[in-house]
Amino acid sequence: MALLETRLSGVMADRAIRRLGFSGHFHRDAVGFSGGIWVLWNTDEVSVDVLFSHHQLVHTKICWVKENREEFMTFIYASPRRQERIQLWEILSSLFDQSMRNAAWGIAGDFNTYLYEYEKLGGNGHNWNSMREFRDCLDECSLSDIGNQGPIFTWQRRNLQERLDRVCANDNWNLVFPNRVAFNLPFFGSDHRPVLLWEGQPAIYPRGERPFRFLASWLTESTFHEVVNGCWSNNVNWMHAMETFRINASEWHRNVYRIALKRKNDLHARIRGIDRCLSYQYSHSLEMLQKDLWRELDKIYLQEEITWFQRSKLNWFALGDRNSRFFHSVTVARRRRNHIDMLKNSEGVWIGDQQVLMEMAVSFFENL
């Protein structure tokens with residue numbers, strides 16, 4: 001748990017932290033009555049190393065004991081003064097250049113600015129320069145907002161509402177933790193909403209309820225054309241042909257297409273073996289076989305690329321660089337935004353698997 005703008009330091013901060021009951025903690029003291037960042041954890045669940053601290057951020061490495069996973073999390077309390085926030089953006093860019101390019105990295109907290117026009121309601125005009133500087137920092141660090149569940153605005157003062165608190169992460173973080181969801185909880189004696197970052201469960205759909213979807217990558221297989229021709233070759237009506245196609249295409253996908261995709265690891269092993277043999281003695285037949293395997297592997301890469309491209313629904317992105325990792329990350333982000341966790345009935349009561357979770361979170365913050 002991270003607490004921001006605590007406005008406590010020294011002995012008073014230590015006393016308050018002990019009352020919260022966590023076995024591990026780190027705190028960056030407030031400067032006077034301004035700021036303050038506390039990071040608290042249970043040592044039997046996570047191991048936390050504080051790598052760098054500043055009055056606007058605490059940068060940590062978190063290792064999950066039971067799951068054997070690790071991540072880097074940076075907890076932010078950005079200054080309300082723009083010039084000091086510019087210093088924060090420079091520090092984040094420096095962290096990215098040093099070691100975060102290939103790591104699972106997330107940043108969370110109060111950024112004291114927002115990204116888009118619709119994230120502010122009421123008050124005077126928008127601070128365009130501050131918005132641009134925040135966006136430039138996220139772009140430079142390869143970070144993106146993971147979205148949220150619940151009310152969009154996280155800060156409120158009279159008739160002014162803004163989304164100042166959020167969680168952002170890079171592609172590696174989204175791939176390692178694809179089911180994490182950020183909940184904006186109700187206000188509890190503060191003008192900021194608590195943000196709960198919850199490790200959700202992967203969505204499980206009964207096989208009978210899965211809708212039929214046409215995959216564009218099927219068109220790369222010559223045998224698929226035979227499936228299509230077989231459904232419309234006879235003089236049948238449209239609805240009957242469509243139902244036949246759905247059944248035949250699903251069966252072909254299971255028995256032919258998926259088996260072909262699973263050959264990727266086998267092709268890698270065979271290509272490596274041939275490469276070792278050719279390093280000792282040249283063989284024309286082995287060289288020809290290796291080229292055939294390369295072509296087959298390239299076809300599988302193309303099919304994977306088209307599949308992830310179709311799932312990510314990025315119509316503006318042209319095929320070409322085999323960047324299926326990028327497509328995968330975007331698909332995970334779309335799934336997180338589009339997933340329905342709970343519904344609220346006409347009486348304002350939440351209904352769903354996360355109802356107990358929300359009640360526990362509300363109770364926890366009420367007892368702080």
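These legends describe several close-up views of a predicted model.

**View 1. The whole protein chain in outline.**
This is a predicted model with 368 residues in the protein chain, of which 39% count as buried. The secondary structure comes to 10 helices and 16 strands. Contacts often link distant parts of the sequence: among those between residues at least 6 apart, 53% join residues at least 24 apart. The accessible surface is about 21600 Å². Carbon and sulfur atoms hold 52% of that surface.

**View 2. Confidence along the protein chain, and the stretch 315-322.**
The average pLDDT of the protein chain is 81. A score of at least 70 is reached by 79% of the residues. Over residues 315-322 the pLDDT is below 50. This stretch still has 14 contacts in the model beyond near neighbours in sequence. Where pLDDT is low, the predicted coordinates should not be read in detail.

**View 3. Asp-110, a buried residue in strand S7.**
Strand S7 covers residues 105-110, and Asp-110 belongs to it. Asp-110 is buried, yet it has no salt bridge. The nearest side chain of opposite charge is that of Arg-85, 8.4 Å away. A salt bridge needs a nitrogen and an oxygen within 4 Å, so the 8.4 Å to Arg-85 does not qualify. The side chain of Asp-110 instead reaches a backbone atom: the nitrogen of Asn-112, at 3.0 Å.

**View 4. The surroundings of Asp-110.**
Leaving out residues up to four places away in sequence, Asp-110 touches Leu-4, Ile-76, Tyr-77, Ala-78, Leu-164, Asp-165 and His-192. Asp-165, one of these neighbours, counts as negative, as does Asp-110.

**View 5. Glu-5 and Arg-7, a salt bridge within a loop.**
Glu-5 lies in the loop between strand S1 (2-4) and helix H1 (10-20). Arg-7 is placed in the loop between S1 and H1 too. The two residues form a salt bridge, with their closest N and O atoms 3.1 Å apart. Glu-5 is partly exposed, at 26% relative accessibility. Arg-7 is partly exposed as well, with a relative accessible area of 45%. The backbone here has positive phi values in residues other than glycine: near 55° for Glu-5 and near 60° for Arg-7.

**View 6. Arg-81 and Glu-84, joined side chain to side chain.**
The side chains of Arg-81 and Glu-84 meet in a salt bridge, at 2.9 Å from N to O. Arg-81 has a relative accessible area of 48%, so it counts as partly exposed. Glu-84 is partly exposed at 24%. Side chains of opposite charge can pair when their charged atoms come close.

**View 7. Arg-132 and Asp-136, a salt bridge along helix H3.**
Helix H3 spans residues 128-140 and holds both partners. Arg-132 and Asp-136 sit 4 residues apart, so about one helical turn separates them. Their closest N and O atoms are 3.8 Å apart in the salt bridge. Asp-136 is partly exposed, with 39% relative accessibility. Arg-132 is partly exposed at 38%.

**View 8. A network of salt bridges.**
Five residues are linked here: Glu-67, Arg-69, Glu-71, Arg-180 and Glu-199. Across the model, the count comes to 17 salt bridges.

Terms used: Residues are numbered from 1 along each chain as its sequence is written. This is a predicted model: local features need pLDDT of at least 70, side-chain atom pairs count only at pLDDT 80 or more; totals for chains, interfaces and linings use all residues. Side-chain values use heavy atoms; hydrogens and water are left out. Helices (H or I, at least four residues) and strands (E, at least two) are DSSP runs, numbered from the N terminus. Buried means under 20% relative accessible area, exposed over 50%, partly exposed in between (1.4 Å probe, protein chains only). A polar contact is a pair of N or O atoms within 3.5 Å; within protein, one must be able to donate a hydrogen and the other to accept it, and residues adjacent in sequence count only if both atoms are side-chain atoms. Contact means heavy atoms within 4.5 Å. pLDDT is the predictor's confidence in each residue, from 0 to 100. Accessible areas come from the Shrake-Rupley method with a 1.4 Å probe; for residues, only the protein chains shown count as cover.
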